[in-house]
Amino acid sequence: SAALHPSNPIKMFATTRDEELRRRHPKTHWSWKHCWTFRELLGMDNNPDSGSSTIDWLILSTYVIDFDYLLREIPEVLSIPHVVIVYGLSDNSPQQWKDLATGDVDALRLDPSDFPETSANPLSSHFPWGCHHSKFALVGYASGQRLRVV
């Protein structure tokens, strides 16, 4: 699909509404060319530049994560051999996901405002105003890897 070709490298996030419009207007809605769904972002749905749809490892980094949304949107995440999620806040626990996963799963909460040299703040000092706020997906395939900055 030309819509997901690397010659169109900058994409917006396709919302649930965009996905609904895509179903009603196959291949004609503007989001086909300018947006990726979360699954497309990871290379799971017809993304020709991923080289493979089988993910060998995944690193997700975000400030706020909804583990329930992640499982709902991408249930295949449970079968990825190695997954690391780095996050700052979450309203729900990664424990259910860890219990269901067949591979290695590590969810690391980072908060620079926590006490120094703890699991949430490995730094030697703390920053009362700071937070972990980077958003990216690093996806590993047998054929290579892809970095997606969100």
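Visitor: Starting with the sheet, in which sense do β3 and β6 pair, and over how many bridges?
Guide: In this predicted model, β3 and β6 run antiparallel to each other and are joined over six bridges. To take one position as an example, I55 has Y141 in β6 as its bridge partner.

Visitor: And what about β3 and β4, parallel or antiparallel?
Guide: The pairing of β3 with β4 is parallel and extends over eight bridges, and within β4 the residue that stands opposite I59 is V84.

Visitor: What's the strand order of that sheet, then?
Guide: The order is β5-β4-β3-β6-β7, in an open sheet of five strands whose pairing is mixed. The edges are formed by β5 and by β7, which covers residues 144-149, and each of these two strands pairs on one side only. On average, neighbouring strands of the sheet are turned by 10° against each other, when direction is ignored.

Visitor: How do β6 and β7 connect, and how many residues sit between them?
Guide: The two strands form a hairpin, with two residues between β6 and β7. They run antiparallel and are joined by six bridges, and one of the positions to look at is G140, whose bridge partner in β7 is Q145.

Visitor: Stepping back, how many helices and strands does the chain have?
Guide: The protein chain has five helices and seven strands, and, when read along the sequence, they follow the pattern β-α-α-β-α-β-α-β-α-β-β-β.

Visitor: What percentage of the residues is buried?
Guide: Of the 150 residues in the protein chain, 37% count as buried. The accessible surface of the chain comes to about 8,800 Å², and carbon and sulfur atoms account for 58% of that area. As for contacts with a separation of 6 or more, 47% of them are between residues 24 or more positions apart.

Visitor: Which residues have the most contacts inside the largest nonpolar core?
Guide: Those residues are L42, L58, V77, I85 and W97, in a core that has 25 residues altogether. Two or more core residues come from each of α3 (38-41), β3 (55-65), α4 (67-73), β4 (82-90), β5 (104-109) and β6 (136-141). Among these elements, β3 gives the largest share, with four residues. As background, nonpolar side chains tend to be buried together in soluble globular proteins.

Visitor: Picking L58 out of that list, what does L58 touch?
Guide: Leaving aside residues up to four places away in sequence, L58 touches L42, V77, I80, H82, V83, V84, L138 and V139.

Visitor: Now V64: where does V64 lie, and is V64 buried or exposed?
Guide: V64 lies in strand β3, and since its relative accessibility is 51%, V64 counts as exposed, the cut-off being over 50%. The C-alpha atoms of V64 and Y87 are separated by 6.2 Å, although these residues are 23 residues apart along the chain.

Visitor: Changing topic, how many salt bridges are there in the whole structure?
Guide: A search of the whole structure finds two salt bridges. One of them is between R24 and E20, with the closest N and O atoms 3.3 Å apart, while the other joins the side chains of E76 and R39, at 2.8 Å from N to O.

Visitor: Where are E76 and R39 along the chain?
Guide: E76 is in the loop between α4 and β4, whereas R39 is in helix α3, and the pair, 37 residues apart, links distant parts of the chain. Their exposure can be stated separately, because E76 at 30% relative accessibility counts as partly exposed, while R39 at 16% counts as buried.

Visitor: And R24 with E20, what separates those two in helix α1?
Guide: R24 and E20 are separated by about one helical turn, because they are four residues apart in helix α1, which covers residues 16-24. With a relative accessibility of 34%, E20 counts as partly exposed.

Technical notes:
Residues are numbered from 1 along each chain as its sequence is written. This is a predicted model: local features need pLDDT of at least 70, side-chain atom pairs count only at pLDDT 80 or more; totals for chains, interfaces and linings use all residues. Side-chain values use heavy atoms; hydrogens and water are left out. Buried means under 20% relative accessible area, exposed over 50%, partly exposed in between (1.4 Å probe, protein chains only). Contact means heavy atoms within 4.5 Å. Accessible areas come from the Shrake-Rupley method with a 1.4 Å probe; for residues, only the protein chains shown count as cover. A nonpolar core is a set of buried Ala, Val, Leu, Ile, Met, Phe, Trp, Tyr and Cys residues joined through side-chain atoms within 4.5 Å. Two strands pair if DSSP finds at least two bridges between them. Axes are lines fitted to C-alpha atoms, for helices over the stretch in contact, and angles run from 0 to 180 degrees between N-to-C directions. A salt bridge is a side-chain nitrogen of Lys or Arg within 4 Å of a carboxyl oxygen of Asp or Glu.
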